[in-house]
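Please look at the sequence and the three-dimensional structure shown below. The paragraphs that follow move through the enclosed spaces inside the protein and then turn to the ligand.

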Amino acid sequence: MPVSRFSDRLYHSAHEIWAKSHQHPFLTELREGTLDPRRFIYYLKQDYVYLIDYAKLFAFGSMKAGDMETMVKFAELLHSTLHVEMALHRGYAERFGVTREELEQTHPAPTTVAYTKYLLDVAQQGSLAEVVAALLPCMWSYQEIGATFMKIPGALEHPLYREWILMYGSEEFEALTNWCIGLMDRLAEGLPERELAQLEERFLMASKLEYLFWDMAYRQEEWPV
Ligand SMILES: Cc1ncc(CN)c(N)n1
């Protein structure tokens, strides 16, 4: 009987909320190609300012790394987020006639604030293992969504949503995600149950915030005033 990995425990504990995300209309309509582009551009603008703060977690990971290989890999993840993943958003913004300045000056909605501040709080206060537990749903749930959408007949023919699916369903994104999953398992080895439970809590909180991010985008959430 193979020893179950800590990442299997994380996946199992978050399965219900991940399934809820998969069933959210933002994703079911994106998958079917019926998502209103106004909801999509709202998502892209919020996601851009989210990624500015999310990318900082990789800088914290480099700083907290215990070895050069891990430090270098986190620097690679930082670079990839800023230059590859966010280039997707910049390209879409151009297609929608949104300037780079407008994109960068997007006011984060309440849910974006909640999610980024949570991640940055864990990154500043927590151990490397906690940083990884908090960022892992961001990578892993998106990779699962992308890989699933790649297999949906017709999804890649959609003129607008094709690039988004290709980004998160790519082999490169899968490789970076798998490295993070492996690091989580390595960092969890030998930890007492009390610490494992705390890592699970970080993973679950980020997973719930992922669901709320999809819901925010679909509702095009605004501040009350
Ligand atoms: C909110 C969110 N979470 C995760 C990802 C994938 N890096 C993203 N682009 N945006």
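How do the residues of the lining of the second largest cavity divide into nonpolar, polar and charged? The answer requires a short look at the cavities, and it should be read with the knowledge that this is a predicted model.

The structure holds two cavities of 30 Å³ or more. The second largest cavity contains about 50 Å³ of space. Its lining consists of Trp18, Ser21, His22, Ser141, Glu144, Ile145, Ser207 and Glu210. These lining residues comprise two nonpolar, four polar and two charged ones, which settles the opening question. At least two residues of this lining come from each of three helices, namely H1 (residues 6-22), H7 and H10.

The largest cavity has a volume of about 90 Å³. Around this space stand Asp47, Tyr50, Leu51, Tyr54, Glu85, Tyr115, Cys138, Tyr142, Phe173, Glu210 and Phe213. Glu210 thus appears in the lining of the largest cavity and also in that of the second largest cavity. Helices H3, H7 and H10 each contribute at least two residues to the lining of the largest cavity, and H3 provides the largest share, with four residues. By class, this lining has eight nonpolar residues, no polar residues and three charged residues.

Where does the ligand sit? The ligand is found in the largest cavity. The residues around the ligand are Asp47, Tyr50, Leu51, Tyr54, Glu85, Cys138, Tyr142, Tyr168, Glu210 and Phe213. Among them, Asp47 and Glu210 also belong to the lining of the largest cavity. Seven residues of the shell around the ligand are nonpolar and three are charged, while no polar residue is present.

The helices give this shell an arrangement that can be followed along the chain. Helix H3 spans residues 37-64, helix H7 spans 128-150 and helix H10 spans 193-219, and each supplies at least two residues of the shell. H3 gives the most, with four residues.

Which side chains have polar atoms at short listed distances from nitrogen atoms of the ligand? In the side chain of Asp47, an N or O atom is 2.6 Å from a nitrogen atom of the ligand. For Tyr168, a polar side-chain atom is 3.4 Å from a ligand nitrogen atom. For Glu210, the corresponding distance between a polar side-chain atom and a nitrogen atom of the ligand is 2.7 Å. Taken alone, the ligand exposes 290 Å², and the protein buries 100% of that area.

Glu210 therefore deserves a second look in the structure: as a residue with a polar side-chain atom 2.7 Å from a ligand nitrogen atom, and as part of the lining of the second largest cavity.

How values were computed: Residues are numbered from 1 along each chain as its sequence is written. This is a predicted model: local features need pLDDT of at least 70, side-chain atom pairs count only at pLDDT 80 or more; totals for chains, interfaces and linings use all residues. Side-chain values use heavy atoms; hydrogens and water are left out. A residue is near a molecule or strand if one of its heavy atoms lies within 4 Å of it. A polar contact is a pair of N or O atoms within 3.5 Å; within protein, one must be able to donate a hydrogen and the other to accept it, and residues adjacent in sequence count only if both atoms are side-chain atoms. Accessible areas come from the Shrake-Rupley method with a 1.4 Å probe; for residues, only the protein chains shown count as cover. On a 1 Å grid over the protein atoms alone, a cavity is a set of points where a 1.4 Å probe fits but cannot get out, and a pocket is an open set with protein on both sides within 12 Å along at least five of seven lines; lining residues have an atom within 4 Å of a point. A molecule sits in a cavity or pocket if more than half of its atoms lie within 2 Å of its grid points. Ala, Val, Leu, Ile, Met, Phe, Trp, Tyr, Cys and Pro count as nonpolar, Asp, Glu, Lys and Arg as charged, and the others, Gly among them, as polar. Grid points are joined across faces, edges and corners, and a volume is the space filled by probe spheres set on the points.
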